[in-house]
Amino acid sequence: MIRRDPELAVSRPHDLIVIGAGIYGVAMTLEAARRGLKVVLIERDDFGGATSWNSLRILHGGLRYLQTLDLPRFFESVGERRWFCRHFPELVAPLPCLMPLYGRGMKRPSVFRVALKMNDTLSFRRNAGVAAECHLPGGRVLSAQQTLNRYPAVPRDGLQGGGLWYDVVMPNSQRVLIEMLHWACTAGAIALNYVSAEELRVQHGAVQGIEALDRISGQTLRLEAPVVYNCTGPWSRALGQRFDRDLPTLFEPSLAFNVLLDREPLSDAALAVEPPGGPMYFMHPFHGRIFAGTSHWPWSGDVDRPQPTEAQLDSFLGDLNRAAPGLNVTRDHVLRVFAGLLPSRRPGSKELAVREALHDHGRHGGPQGLFSLSGVKYTTARRVAEEALAQAWRSRGGLPAYGRVPRPTPSEGVALNDPRWPLDRSRAQATAALRDLVDQEAVMALDDLLLRRTDWLTHPGQSEPIAAEIRQILSGPDPSASHLVLHALDDVRADRKR
């Protein structure tokens, strides 16, 4: 259970305070709690509501890193992809990926065959300890006809074949994050959404904790811990400056966005396509529609609400149309834009940072016990969090070993992600289940429920009847049915096509 209990959080000291509940903050909370550390996680808004929620929902292995022989990143990606498959088999699935090959550069069948052989050989343990339904087969090169069979609309001029390999898809990535948080709380963590960090408490140069604002009750919370980790993603630089000093290398923002398109998938596989002279994009099946991305752009605007301009969106759609002739998508086909900010290599660049940024403020004249972390990839967030935690505990005798706290039984929220669930239950069944979900997962606003505990509002053609049914359930005559903020639904609807 994710029990939102501010009184418990202030009643006792902690070993660690984590600020920011994206995938990096949640992963760090889980890593700390599994080692028996007393950890409290706070989030200004809702859990996983920013960049982490807007991901393409693919856990990539390391195939791309073989092009540059970056073997450390290859092994990291493969190992962490396997970690998700081992621990969340009901929330992930093998994803076939198909790249048409036209005989240019690395896109020659002979070269790609070697790359796939290396990929399979170096990732020979990719299925170790993984449930059979999540096993990833080896890759292979298809003939031109086999490629045409898998992708009938593939441009045929010069087609020599196709490279087929397997990665992992998270159809409901927000549930993965919430289930990680369930695990952390089972291991003793406290997680508080809608709590903002206001002031770092320091005595004799060492961190004592923070003062925070409970945005639900309006109360000031004094949280005690000798270690504070800033994992606020796009806001990490601003928070680092407020608590210590400006660190430009911590997070230089770039815009990344994906698009859900009202088009039937062109293949049962995720298609790796690229327009002439352009970047590579993936288009993968998502609830009978196409999820496409990722488009990268420089960013210099407000970090609170990043969105592409109309020109950037048109440019991306144009790239997709050139990469997949016959797709013919326009803005009218855009069901939702998933936009977030990722760290870039330098100011004003769209090139992503290669590695995470980790800063020990105490080693550079700042408060002892204050650390800041910003990461790049969802896939490797757990490993990065583990290394960041180890750095903070290096002067404390090293990290404790894992305790015996296995992942709890998947919560009922996993089953509720069936898109037909709200419409296939009686009013009494739905009301009882929703009450449980609200109580057990710290649901404080309606869009927490409809977007970040379930996937109900992202299902094309079903979002309006689902939203109407939920509104009726939660605004019924029984005032105890929910404490949700019902007007949030209007914000969710307005946001769908932004």
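1. In which sense do strand β8 and strand β9 pair, and over how many bridges? In this predicted model, β8 (residues 195-203) and β9 (residues 206-214) run antiparallel, and eight bridges connect them. One of the pairings places Val195 opposite Asp214 of β9. The hairpin formed by β8 and β9 has two residues between its strands, and His204 adopts a positive phi near 55° there.

2. Strand β9 also pairs with strand β10 (residues 220-224), again in the antiparallel sense, through five bridges. Here Leu213 has Thr220 of β10 as its bridge partner. Five residues separate the strands of the β9 and β10 hairpin, in which Gly218 has a positive phi near 80°. The two hairpins may be inspected together: His204 belongs to the hairpin of β8 and β9, and Gly218 to that of β9 and β10.

3. Salt bridges deserve a separate point. The whole structure contains 36 of them. Side chains of opposite charge can pair when their charged atoms come close. One example is the pair of Asp244 and Arg245, with an N to O distance of 3.2 Å. Asp244 is partly exposed, its relative accessibility being 23%, and Arg245 is likewise classed as partly exposed, at 33%.

4. A second pair consists of Arg289 and Asp262, whose side chains meet at 2.7 Å, N to O. Because Arg289 is in strand β15 (residues 289-298) and Asp262 is in the loop between β12 (253-261) and β13 (270-273), this salt bridge ties together parts that lie 27 residues apart in sequence. Arg289 counts as partly exposed at 24% relative accessibility, and Asp262 counts as partly exposed at 34%.

5. A third pair lies within a helix. Asp319 and Arg322 form a salt bridge in which the closest N and O atoms are 2.5 Å apart. Both residues belong to helix α9 (residues 310-323) and are three residues apart, about one turn of the helix. Asp319 has a relative accessible area of 11% and is therefore buried. Elsewhere, salt bridges with shared partners link Glu31, Arg34, Arg35, Glu80, Arg382 and Glu386 into one network.

6. How many disulfides does the count give? The total is zero. For Cys134, the closest cysteine sulfur is that of Cys85, and the distance of 5.2 Å is too far for a bond. The cut-off that matters here is 2.5 Å between the sulfur atoms. Cys134 is buried, with a relative accessibility of 1%. Cys97 is also buried, at 0%.

7. Is Val78, a residue of helix α4 (residues 71-87), buried or exposed? Its relative accessible area is 8%, so Val78 is buried. When neighbours within four places in sequence are left aside, Val78 is in contact with Gly62, Ser123 and Arg126. The C-alpha atoms of Val78 and Asn119 are separated by 9.6 Å, although these residues are 41 residues apart along the chain.

Methods
Residues are numbered from 1 along each chain as its sequence is written. This is a predicted model: local features need pLDDT of at least 70, side-chain atom pairs count only at pLDDT 80 or more; totals for chains, interfaces and linings use all residues. Side-chain values use heavy atoms; hydrogens and water are left out. Two strands pair if DSSP finds at least two bridges between them. Helices (H or I, at least four residues) and strands (E, at least two) are DSSP runs, numbered from the N terminus. A salt bridge is a side-chain nitrogen of Lys or Arg within 4 Å of a carboxyl oxygen of Asp or Glu. Buried means under 20% relative accessible area, exposed over 50%, partly exposed in between (1.4 Å probe, protein chains only). Contact means heavy atoms within 4.5 Å.
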